[in-house]
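Work through these exercises with the sequence and the model open side by side. Try each task before you read its solution.

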Amino acid sequence: MNSFIVMQGQSYQEDIELGIIWVPLQDKGGLVPHSWKRMEEVSKGDRVFHYVKGNIVAISIAEEECVIGKKPTLMENEDHGNEEGYLVKLDYHELDQPLNIHEYFHEICPLLPVKYSPFNQDANGNQGYLYPCNEELAIKLLEILIETNIYQVSEEQLEFGIDEVKSTEHNTLIPVITETESEAKAKIRIGQQKFRKELFPLWNDRCALCGIDLPQLVKATHSKPWKDSTNEERVDPYNGVLLCRNHEALYDHGFITFDGQGRLHISPMISEEEYGKYELNPMTKIELYPENRDYFKWHKKHIYKMK
């Protein structure tokens, strides 16, 4: 199961009545924007979050894979012309309480990918149609939706302490949200297990920087994070390095990085006087595999804190 975010505006009401999303094969200039071409990636069972005017307003399930077809019409005398496009039939489930992106952006922003993000840094939707929604982002959106749409606490309940959490009646929305969340978490868990199992032997089961080898104190960490990686990159053992908990946290947050030769780079945000505290030696050079290089370069460019 994959998840997507579709940016809809005036077409939303018609699309939900038709039970579809649809976009032309080409724009007026004869080009195919990436957010249109992505429709081909939708398969049966995939989830789609629907974004309209600053809010996630619905979740849908793809009833079949994307096909090429003319957009259906609601009225017999209505005609969209003979233009064909990417068409996906969906089972829509509207939310009682839309999720306002601006309101929760402080939680959503850290999970947005560097490339092909549905939202910009101002919390507004980017231009385009269909964007990928990685599992970590999908889980966060679902957690917020569970809080706002499934379990609601009224002021009266809080005042009198009666039935503190009231489960609202959503015969269709509850299973959609819970099943989607469960599948997204399972996908991450299975992927992380495979990644960890194959990465550990590459680094002789010990931290690449300090040599700690207690299994409880070392962690397989991605160089190109899950949110930015393709499905193949997420489980590629060369997309990462084995580090102790201390160095893993420094690497994950961009305070240290490695270049394509394996040389350690320490962020200027850590003063030289503190190198010893974090067991960092600026002269360190680790042995790496050729397959590590592109991932290390990506980390240095996008995660490493230069200032």
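**Exercise 1. Two faces of a strand**

Which residues point one way from strand 11, and which the other way?

Step 1. Sort the side chains by direction. Gly-240, Leu-242 and Cys-244 point one way, while Val-241 and Leu-243 point the other way.

Step 2. Recall the general pattern. Side chains in a regular strand alternate between the two faces of the sheet.

Step 3. Check the cover. The cut-off for buried is under 20% relative accessible area. In strand 11, 5 of the 5 residues are buried, so the strand is largely enclosed by the rest of the structure.

Keep in mind that this is a predicted model.

**Exercise 2. The partner strand**

Find how strand 10 and strand 11 pair, and over how many bridges.

Step 1. Locate the two strands. Strand 10 covers residues 218–222, and strand 11 covers residues 240–244.

Step 2. Read the pairing. The sense is antiparallel, over 5 bridges.

Step 3. Match residues across the pair. His-222 is opposite Gly-240. Thr-221 is opposite Val-241.

Step 4. Compare the cover. In strand 10, 4 of the 5 residues are buried. In strand 11, 5 of 5 are.

**Exercise 3. A salt bridge across the sequence**

Determine which parts of the chain are tied together by Lys-71 and Glu-14.

Step 1. Start with the contact. The side chains of Lys-71 and Glu-14 form a salt bridge, at 3.6 Å from N to O.

Step 2. Place the partners. Lys-71 sits in the loop between strand 5 and strand 6 (84–100), and Glu-14 sits in helix 1 (residues 12–18), so the bridge ties together parts that are 57 residues apart in sequence.

Step 3. Judge the exposure. Lys-71 and Glu-14 are both buried.

Step 4. Look for further partners. Asp-15 joins Glu-14 and Lys-71 in a network of salt bridges.

Step 5. Put this in context. The structure has 16 salt bridges.

**Exercise 4. Salt bridges with partly exposed partners**

For Glu-198 and Lys-194, give the N to O distance and the separation along helix 6.

Step 1. Take the distance. The closest N and O atoms of Glu-198 and Lys-194 are 2.7 Å apart.

Step 2. Take the spacing. Both residues belong to helix 6 (residues 173–199), 4 residues apart, which means about one helical turn between them.

Step 3. Check the exposure. Glu-198 is partly exposed at 32% relative accessible area. Lys-194 is partly exposed at 40%.

Step 4. Try a second pair. Lys-37 and Glu-40 form a salt bridge, with their closest N and O atoms 3.1 Å apart. Lys-37 is partly exposed at 40%, and Glu-40 is partly exposed at 43%.

Step 5. Recall the principle. Side chains of opposite charge can pair when their charged atoms come close.

**Exercise 5. Two surface patches**

Name the residues of the negative patch and of the nonpolar patch.

Step 1. Pick out the charges. Glu-63, Glu-64, Glu-65 and Asp-91 gather in a patch of negative charge on the surface.

Step 2. Place one member. Glu-64 lies in the loop between strand 4 (55–62) and strand 5 (67–70). Glu-64 is partly exposed, at 30% relative accessible area.

Step 3. Turn to the nonpolar residues. Ile-212, Leu-214 and Leu-217 make a surface patch of about 230 Å².

Step 4. Place one member here too. Leu-214 is in the loop between helix 6 and strand 10. Leu-214 is partly exposed, at 46% relative accessibility.

**Exercise 6. Positive phi angles**

Where do Tyr-116 and Glu-279 lie, and what phi does Tyr-116 and Glu-279 have?

Step 1. Recall the usual sign. Most residues other than glycine have a negative phi.

Step 2. Examine Tyr-116. Its phi is positive, about 65 degrees. Tyr-116 lies in the loop between helix 3 (101–108) and strand 7 (130–133). At 34% relative accessibility, Tyr-116 is partly exposed.

Step 3. Examine Glu-279. Its phi is positive, about 55 degrees. Glu-279 lies in the loop between strand 13 (264–266) and helix 9 (293–302). Glu-279 is exposed, with a relative accessible area of 54%.

Key. Residues numbered from 1 in each chain as written. Predicted model: local features only at pLDDT ≥ 70, side-chain atom pairs only at ≥ 80, totals over all residues. Heavy atoms only, no water. Patch = residues over 30% accessible without salt bridge, like charges linked within 9 Å, V, L, I, M, F, W, Y side chains within 5 Å. Areas by Shrake-Rupley, 256 points an atom, 1.4 Å probe, with all protein chains shown as cover. Salt bridge = Lys/Arg side-chain N within 4 Å of Asp/Glu carboxyl O. Lys, Arg positive; Asp, Glu negative; His and termini not counted. Charge placed at Lys NZ, Arg CZ, Asp CG, Glu CD. Buried < 20%, exposed > 50% of the residue type's maximum accessible area, 1.4 Å probe, protein only. Pairing = 2+ DSSP bridges.
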